[in-house]
Amino acid sequence: MNPRETMMDVSELKRPRRWHILVFLTPALLIYTAVMILPLIETLRQSFFNTVDGEYTFVGLGNFSVLFGDPRWASDFWNALRNNVVFFLIHMAVQNPIGIALAAMLSVPKLRFSTFYRTAIFLPTLLSFVIVGFIWKLILSPIWGVAPYLMDLVGLKWLFAPWLGRPDSALIAVSLISVWQYIGIPMMLIYAALLNIPDEVIEAAELDGITGWSQFWKIKLPLILPAIGIVSILTFVGNFNAFDLIYTVQGALAGPDGSTDILGTLLYRTFFGFQLQLGDRSMGATIATVMFLIILAGVSLYLFVIQRRMRRYQF
Amino acid sequence: MTRTTINGLLLASSILGSAGLAQAQDVTLTIESWRNDDLAIWQEKLIPAFESKHPGIKVVFSPSAPTEYNAALNAKLDAGSAGDLITCRPFDASLELYNKKHLVDLTGLAGMENFSDVAKSAWTTDDGKTAFCVPMASVIHGFIYNKDAFDQLGLSVPTTEDEFFAVLDKIKADGNYIPMAMGTKDLWEAATMGYQNIGPNYWKGEEGRLALIKGEQKLTDEPWVEPYRVLAKWRDYLGDGFEAQTYPDSQNLFTLGRAAIYPAGSWEIAGFNTQAEFKMGAFPPPVKKAGDTCYISDHNDIGIGLNAKSPNAEAAKTFLTWVASPEFADIYANALPGFFSLNSTAVTMTDPLAQEFVSWREKCKSTIRSTYQILSRGTPNLENETWVASANVINGTETPEEAAKKLQEGLESWYKPAK
């Protein structure tokens, strides 16, 4: 008998019940169940119920057929979904590439004051969305704003427009504010991934004559792809759950003319009501359920299709 | 240090608490309200005036934040912990409380005869038979103008639509002032200060409003589309970038003296009096042709009702009767210029701007905002849709006809007028 097998036998015989695992898991599990899982189940349940003739009854998929079948509900919903997709695409096209670029620049060893830059760029992420929304509303204000004043100084005043008040530019403006706020997150995650690349790999690349840009494209980028994947999925979940910034900057009606209305604001108005509109819990829960399914679909696509095909390198 | 503060607070509250016990033989009435701005006025003027006449009844005014009021009140009423007296929002929010039996029928309350039917309309059942809140105050729409600017440019107050636009043209030509301070960013300014302000002159106040509820008129009819056409013309007279101008922006533009005319609600009076350093005047929404009857939006805003679970119902009724009295109206209207008493007895007010606003009640016919009663019960919500439509029309992204058509279709999708 070789010694290894003996050891395994012994451990199987004497394995104690590992109570500590249960003890450590229970509090988190209980709290998570109480504040996340139960409300989620309750929301899903509510989406199958509605008040019919004053009676709260099970209506099956009735709420969903109203949401997708009634022309007004459907147009509100598709409008919100379309805006939400645009909101997400702007983040993917602007926030993540800039985040990667910033991280790449920060990881250049010769850069001076890199700690300062890192902190300064990450700082807006720590600010409350209320502050961010308020600051940007003021900056972009056509009356007291800094933006028109500064643009005037360099003779570009003609380029300025009340962006937040125009249906064609409001969504882009709000998306860019959100990008400005959250750019620190992709930057930090990718910066950490870049620092994780062992020096030996870089040195080997340099010995092979791969330096500068081609080193970034050929060596570093493939190595940080998993981190970019994580950033993308975080952006996706974050964007399809977004609500706060739009609410503070554009109000609950997400004007002008619903042009900045995303799923979060539509859900808020429907569920809680607004001004003279009374809240409708059933339809609100229905929208919440659809949002949940959209996010679930996106995350599953990533987990089961994209992540499996991604190559990982072990050092 | 923090601990000392907390201890101090605990000590103070226990002493205050026992002080309350000492007076327990008195009946204490608690008022729920969203008007936290009015706390000082209640504590310093209204409550002492009542208590001096009614020994044995103590009144506590306990307001919460306006945005939280409806939700907080509903929760308290359901839990049975709400105060004895409930400040009533106008129309459906309060009607729902009455239907849920949280509010008491006050039709027979002594003092209710002091109010006209229009005054009571915000707090009566749809059949008009039962009243459940005592009307307290209304707000009137109109235009506030910078008197100094008007004098400087030699302008006189416009009374007709043509004169109104002539005045705006002159201010614009002069170039020193923004003709009109209003923005469309917050949407509700466009609807409330715009559409609901000038509209009654076109749909003839109550006549049009009731016809709309009865289904005899449609939002696509001329009287309802024309105000949108007039609003669309306002665009040229608003400040640069009005699309992104918010409500506080508009207030500041006017009080800083940069704009000449402000489409207003009378609730602005108190704030403007302290902010503006120039003389102000007001004029009612201009009529279409000289000699036309003028209509004003005199919108019921605040009422007060009795919690059905109140243990002190008798004392509370005594208080409500006092609220319905001319004495209350007098103190309230003068303490809060811009919130006008709904009492049939005329109240003498000292604030000149408030006097100007209230004087229109004599020469013009009063109505309330067209979207508030019954018509905003369904989905899509007519009031919210009107906000969006009015802003669109002023922004020029929708024509008046398109906006009206959309509103009518939305209303028809759920509202079937009783015939």
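Let's start with Ile31(B), which stands opposite Leu85(B) in strand β3(B) of this predicted model. The two strands involved are β1(B) and β3(B), the latter covering residues 85–88, and they pair in the parallel sense over 2 bridges.

β1(B) has another partner to look at. This strand (residues 27–33) is joined by 7 bridges to β2(B) (residues 57–63), and the two run parallel. You can pick out individual pairs here: Leu29(B) has Val59(B) as its bridge partner in β2(B), while Thr30(B) stands opposite Val60(B). How does the chain cross from β1(B) to β2(B)? It passes through helix α2(B), residues 39–53, and this β-α-β crossover is right-handed.

On the loop between β1 and α2 of chain B you'll find Asp37(B). Is Asp37(B) buried or exposed? Neither, really: it counts as partly exposed, because it has 14 C-beta neighbours inside 10 Å, and being buried would take 20 or more. Now look across to Ala65(B): it is 28 residues away from Asp37(B) along the chain, yet their C-alpha atoms are separated by 9.4 Å.

**Strand β4(B) and its partners**

Next up is β4(B), residues 134–146 of chain B. This strand is largely enclosed by the rest of the structure, because 13 of its 13 residues are buried. Here are its pairings, each with one example of residues that face each other:

| Partner of β4(B) | Sense | Bridges | Example pair |
|---|---|---|---|
| β8(B), residues 295–306 | antiparallel | 6 bridges | Pro135(B) and Gly303(B) |
| β6(B), residues 259–265 | antiparallel | 5 bridges | His141(B) and Gly265(B) |
| β7(B), residues 280–283 | antiparallel | 4 bridges | Asn146(B) and Met280(B) |
| β9(B), residues 340–341 | antiparallel | 2 bridges | Ala137(B) and Ser341(B) |

**The nonpolar cores**

That same topic leads us inside. The largest nonpolar core has 155 residues, and the members that touch the most others are Met180(B), Ala259(B), Phe319(B), Leu320(B) and Val323(B). Which strand gives the largest share of this core? That's β4(B), with 8 residues.

Take Val323(B) for a closer look. Leaving out residues up to four places away in sequence, Val323(B) touches Val134(B), Met136(B), Ile304(B) and Phe328(B). There is also a second, separate core of 13 residues, which includes Ile100(A), Ile183(A), Leu194(A) and Val231(A).

**Where the chains meet**

How many residues does each chain bring to the contact? Chain B brings 28 residues and chain A brings 22 residues. On chain B's side, the elements giving two or more residues are α12(B) (247–255) and α17(B) (382–395). The biggest giver on that side is α17(B), with 7 residues. Sorted by class, chain B's side has 8 nonpolar, 13 polar and 7 charged residues.

**Some unusual backbone spots**

A bit of background helps here: most residues other than glycine have a negative phi, and most peptide bonds are trans. Now for the exceptions. Thr379(B) and Pro380(B) are joined by a cis peptide bond, with omega about 0°. Pro380(B) sits in the loop between β10 (365–367) and α17 of chain B.

That loop between β10 and α17 of chain B also holds Ile374(B), a residue other than glycine with a positive phi near 65°. Ile374(B) has 17 other C-beta atoms within 10 Å, so it is partly exposed.

Lys204(B) isn't a glycine either, and it has a positive phi of about 55°. You'll spot Lys204(B) in the loop between α9 (200–203) and α10 (206–214) of chain B. With 16 other C-beta atoms within 10 Å, Lys204(B) is partly exposed.

**A quick look at chain A**

Chain A has a helix α10 too, covering residues 199–207, and this one is hardly covered: among its 9 residues, the count of buried ones is 0. Just after α10(A) comes Gly209(A), with a positive phi of about 90°.

How confident is the predictor about chain A? The average pLDDT is 89, and 95% of the residues score at least 70. Among the elements of chain A, which has the lowest mean pLDDT, and which the highest? The lowest belongs to helix α1(A) (residues 3–14), at 53, and the highest to helix α8(A) (residues 170–182), at 95.

Note on methods:
Residues are numbered from 1 along each chain as its sequence is written. Chains are lettered from A and ligands numbered from 1 in the order in which they are written. This is a predicted model: local features need pLDDT of at least 70, side-chain atom pairs count only at pLDDT 80 or more; totals for chains, interfaces and linings use all residues. Two residues are in contact if their C-beta atoms, placed from the backbone, lie within 7 Å. Ala, Val, Leu, Ile, Met, Phe, Trp, Tyr, Cys and Pro count as nonpolar, Asp, Glu, Lys and Arg as charged, and the others, Gly among them, as polar. A nonpolar core is a set of buried Ala, Val, Leu, Ile, Met, Phe, Trp, Tyr and Cys residues joined through C-beta atoms within 7 Å. A residue is buried if 20 or more other C-beta atoms lie within 10 Å of its own, exposed if 12 or fewer, and partly exposed in between; C-beta atoms are placed from the backbone. pLDDT is the predictor's confidence in each residue, from 0 to 100. Two strands pair if DSSP finds at least two bridges between them. A crossover is right-handed if, with the strands pointing away from the viewer, the path from the first strand over the helix to the second runs clockwise.
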